[in-house]
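Reader: I should like to discuss this structure through a short series of questions.

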Amino acid sequence: MNMTLRRRPRGTGEALKDFPTFGLVSAAVFAFLYIPLLFVVAYSFNSNRVVTVWKGFSLEWYADVLTNNDIQRALMNSLKVASVATALSVILALGLAIGLLRMARSGSTFAWALIGAPLIIPEIVFAIGTLAFFVQIQMPLGIGAITLAHTAFCIPFALLPIRARLRSVDLSVYEAAADLGANEWRIFRRITLPLLAPGIVAGALLAFIISLDDFIVSYFLAGPGGTTLPVYIFGMIRNAITPGVNALSSLLLLASILIVFISYVITRRKR
Amino acid sequence: MITKKRGAAGQGSWWAGAPGLFYLIALVLAPLVVIVIYSFLSRAKLGVGVKWEFSIAPYVELFYSESLSGERSFDPTYLQIFGNSFLYALITAGVCLLLSIPIAMWIATRPADRRTTLIFLVTIPFWTSLLIRTYAFIIILNDNGPINGFLGAIGAISMPIPMLYTPFATVVGLVYAFLPFMILPIYASAERFDFRLAEAAYDLGAAKWTVLRRIVLPAIRPGIIAGLVLVFIPALGSFLAPELLGGGKTSMIANVIAAQFGASRNWPFGAALSVMVLVITLLVLLVFAVLARRMSRTSGRSSWEVLL
């Protein structure tokens, strides 16, 4: 395409594709996306109690945050919720990915509406709906309740990479296995599962961060003992903002970015 | 065995999806149904929850307030909050659109291997905690923050400009939160744009601006519409940006809903407000579906495709 474009009177192909100022706006948008996060991290090293008045470099807030018992408890809660919600959502998503291939049209439309609903409906509605539902069925609030709710909105994130992988599998593989006399369970265990493994890992990682980072649903379902890390951070922001908030936030940012990066590498790797 | 509709033997069957389907019915559909039911019940006199007595009072409360003596009068408080939320969500969607078209087009015109990396860079902030991303603007916009610090240092201002706890801060937080939702669908449309069309237009003597307006914009319209929906709906129901950056002066619907389930302890009213949000969500999606169908008739490519 460039070859043909280069013969045009108005210059090279690349120049024809470029619109004035678009590169500049793009650079500005990238700066806008990342600079706020950089400021959060930078001020986590501030030795001053007043977060945005720089006094000097210090790691004391990290020490402070990492030795705080309440924060450790909140972190444990978050990890428990995220692990169980990830495991549950991956198992359910795996079933859905396979089942969706065989559902009648009306069934799969209904399924997609349910899968997509937590993504499109404002989270506050989903949060208070789940709260009202749990109170109605007398389900106690706390990390159990949070885990059940997180599983529901982790399903789409677990599902998409698995589904992408499933669709790339050559159907003749199944036929060959079936022809050789393998039953459905054996085919699933020996063929489907290993082929889907990268999609499952990528989906699990995405589900894990989505649960780990969730605030609104956790906030409404926490009850007295269910404080997760984001709920704890929200409390810190409400009470007194110190560089401690930034230190804790930076650690959570680092964890999220690391996990999404690993997931990206796994999905990108040559099949 | 259950009849196979599509695919190969041994690929599995539809009932593999049954557990997931039941789970979603129990934890997505049921809560929404409970919300609708609660919105037609009475307020609990003591503690949390509802009294099981049919009532349309929650919906009346949207428009009227009742004085201590029991007299009803028109009260636009909540209508104003809905209006504000609409306004903020619209501004957010508009600003996101203006920022997203250039960056989506710019990325779409890079070499293929670089495109994937750039798009990944756009998505990274989406995967970080929304709470932290919103908190970042408390740091940036406050009176001692870097913006006021910089302007003060170069002598442009003598007093800090109050930016935090204003509607401006709320909208900035919303734009930041949802910008990737606009960039991604527009990019998905732009990536499939055939630049030979632009080339043909140049050959016919069109200027850059004309090409952009007459050729490129119509081609990426499905992405634009999907992006507007994906930004507008969550922005309308946002809780964190107005809560942390608006400083109580710029309540949006979500803050009022949260208050009903918190200190105000008026669950039916909170449920009624949520039903309104659900209705608006459905209406927006309906308009979107109609537009998408009309466009797929003309351009052969649907916005649904871009959205999913």
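The exchange below concerns a predicted model and turns from one chain to its helices, a single residue and the interface.

Reader: How many helices and strands are there in chain B?
Author: Along its principal axes, the C-alpha trace of chain B spans about 80 × 75 × 35 Å. The secondary structure of chain B consists of 14 helices and 4 strands.

Reader: What percentage of contacts in chain B between residues at least 6 apart in sequence join residues at least 24 apart?
Author: Chain B has 308 residues, of which 46% count as buried. For contacts between residues at least 6 apart in sequence, the share in chain B that joins residues at least 24 apart is 67%.

Reader: How are H8(B) and H9(B) oriented to each other?
Author: Helix H8 of chain B covers residues 195-203, and helix H9 of chain B covers residues 208-219. Their axes lie 10 Å apart and form an angle of about 140°. Angles over 145 degrees would count as roughly antiparallel and those from 65 to 115 as roughly perpendicular. The angle falls in neither range, and the two helices H8(B) and H9(B) are therefore oblique.

Reader: Is the crossing of H8(B) and H9(B) left-handed or right-handed?
Author: The two helices H8(B) and H9(B) pack with their axes 10 Å apart. Their crossing is right-handed.

Reader: How do the residues of the contact of H8(B) with H9(B) divide into nonpolar, polar and charged?
Author: H8(B) contributes B:Leu197, B:Ala198, B:Ala201 and B:Tyr202, which meet B:Val211, B:Ile215 and B:Val216 of H9(B). By class, the residues of this contact are 7 nonpolar, no polar and no charged.

Reader: Is B:Leu118 buried, exposed or partly exposed?
Author: B:Leu118 lies in helix H4 of chain B, residues 112-123. A buried residue has 20 or more other C-beta atoms within 10 Å, and an exposed one has 12 or fewer. B:Leu118 has 16, so this residue is partly exposed.

Reader: Which residues does B:Leu118 touch, not counting residues up to four places away in sequence?
Author: B:Ile103 is 15 residues from B:Leu118 in sequence, with a C-alpha to C-alpha distance of 10.0 Å. Leaving aside residues up to four places away in sequence, B:Leu118 touches B:Ile107 and B:Arg110.

Reader: Which helix of chain A gives the largest share of the side that touches chain B?
Author: In the interface, 86 residues of chain A are in contact with 83 residues of chain B. The side of chain A that touches chain B comprises 66 nonpolar, 12 polar and 8 charged residues. Its largest share, 12 residues, comes from the helix spanning residues 22-43 of chain A, namely H3.

Technical notes
Residues numbered from 1 in each chain as written. Chains lettered and ligands numbered in written order. Predicted model: local features only at pLDDT ≥ 70, side-chain atom pairs only at ≥ 80, totals over all residues. Axes fitted to C-alpha atoms, helices over the stretch in contact; angles between N-to-C directions. Parallel < 35°, antiparallel > 145°, perpendicular 65-115°, else oblique. Left-handed = near helix turned anticlockwise from the far one by under 90°. Contact = placed C-beta atoms within 7 Å. Nonpolar A, V, L, I, M, F, W, Y, C, P; charged D, E, K, R; others polar.
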